[in-house]
Amino acid sequence: MNKIREALNYLDGGARWHKGGLSDGDNRCLIGALMMVDGDDYAIESVVEDVVLEQYADRINVIDNCLRPVAQFNDHPDTTWPEAERVMEKAAMKLDEEVR
């Protein structure tokens, strides 16, 4: 199964989505969910990052190098679960296309 979809499934429609850190109990941010299903594989995260940069570049502080773009998007005050879910869905579709 597509690792991005696995992470999205784990987030359970946003019920387990978390802002402000990798995890809080069973809840995870986008990166935390990706790491849970695939370890610290930046190749998978980079597919999500591409979508974040395409769709929500205004939420990324390019000067702030201590937080990765996916983390900045996840934790941005304006980011909602439906937006996070759309990013993950688009990234999963991109990953499917790359595998073909």
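Arg5 is partly exposed, at 29% relative accessibility. In this predicted model, Arg5 makes a good starting point. Its side chain meets that of Asp96 in a salt bridge, with N and O 2.7 Å apart. The pair links distant parts of the chain. Arg5 sits in helix H1, and Asp96 sits in helix H5, which spans residues 81–99. Along the sequence, 91 residues separate the two. Asp96 is partly exposed, with a relative accessible area of 27%. Both values fall between the 20% limit for buried and the 50% limit for exposed, so each partner counts as partly exposed.

The count of salt bridges comes to five. Two others are described here.

Take Arg68 and Glu45. Their closest N and O atoms are 2.7 Å apart, and the two form a salt bridge. This pair also links distant parts of the chain. Arg68 belongs to the loop between H3 and helix H4 (69–75), while Glu45 belongs to helix H3. They are 23 residues apart. How accessible is each partner, buried or partly exposed? Arg68 has 32% relative accessibility and counts as partly exposed. Glu45 has 3% and counts as buried.

Now turn to Arg59 and Glu83. Here the salt bridge has its closest N and O atoms 2.8 Å apart. Arg59 lies in the loop between H3 and H4, and Glu83 lies in helix H5, so the bridge ties together parts that are 24 residues apart in sequence. Arg59 is buried, with 13% relative accessibility. Glu83 is buried too, at 13%. The cut-off for buried is under 20%, so both charged partners qualify.

Helix H3 covers residues 42–55, and Val47 lies in it. Is Val47 buried or exposed? At 4% relative accessibility, Val47 counts as buried. Which residues does Val47 touch, beyond its neighbours within four places in sequence? The contacts are Ile4, Ala91, Lys94, Leu95 and Glu98. Ala33 offers another reference point. Val47 and Ala33 are 14 residues apart along the chain, and their C-alpha atoms are separated by 14 Å.

One backbone detail remains. Asp12 has a phi near 50°. That is a positive value in a residue other than glycine. Where does Asp12 lie? Its place is in the loop between helix H1 (3–10) and strand S1 (23–24). Asp12 is partly exposed, with a relative accessible area of 46%.

How values were computed. Residues numbered from 1 in each chain as written. Predicted model: local features only at pLDDT ≥ 70, side-chain atom pairs only at ≥ 80, totals over all residues. Heavy atoms only, no water. Helix = DSSP H or I, 4+ residues; strand = E, 2+ residues; numbered from the N terminus. Buried < 20%, exposed > 50% of the residue type's maximum accessible area, 1.4 Å probe, protein only. Contact = heavy atoms within 4.5 Å. Salt bridge = Lys/Arg side-chain N within 4 Å of Asp/Glu carboxyl O.
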